[in-house]
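Visitor: I would like a close look at one kind of contact in this model. Could you walk me through it?

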Amino acid sequence: MITGKRKFRELSDETKEKISTSTMGRPKTARHKANISKGMQEYWKSVPNRPQPSTGATTTPESNGGVE
């Protein structure tokens, strides 16, 4: 199912280039820029970072709920 929303913050360089190209040269007022900035700050608060891959199968008491 494609929802059109991001699952993680990271984007490919190709996608970043497409976004940059499509918005290049469009004039915006200072008020418009401030509103975009405010909206994006709120949006990015809700998008998580991509989880880091685990480096091994070792567990610590803290990571497994204190059970050894």
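Visitor: Which side chain does lysine 45 meet in a salt bridge?

Guide: Happy to help! This is a predicted model, so to speak of local features a pLDDT of at least 70 is needed, side-chain atom pairs count only at pLDDT 80 or more, and totals for chains, interfaces and linings use all residues. Residues are numbered from 1 along each chain as its sequence is written, and side-chain values use heavy atoms, with hydrogens and water left out.

Lysine 45 meets the side chain of glutamate 42, with N to O at 3.3 Å. A salt bridge here means a side-chain nitrogen of Lys or Arg within 4 Å of a carboxyl oxygen of Asp or Glu. The two residues are three apart in helix H2, so about one helical turn separates them; helices (H or I, at least four residues) are DSSP runs, numbered from the N terminus. Lysine 45 is exposed at 62% relative accessibility, while glutamate 42 is partly exposed at 48%. Exposed means over 50% relative accessible area, buried under 20%, and partly exposed in between (1.4 Å probe, protein chains only).

By this rule there are three salt bridges. In helix H1, glutamate 14 and lysine 18 sit four residues apart, about one turn, and their side chains pair at 3.7 Å, N to O. Glutamate 14 is exposed at 53%, and lysine 18 is exposed at 55%.

Glutamate 10 pairs with arginine 50, their closest N and O atoms being 3.9 Å apart. Glutamate 10 lies before helix H1 (13-23) and arginine 50 after helix H2 (30-45), so this pair ties together parts 40 residues apart in sequence. Glutamate 10 is partly exposed at 40%, and arginine 50 is partly exposed at 42%.
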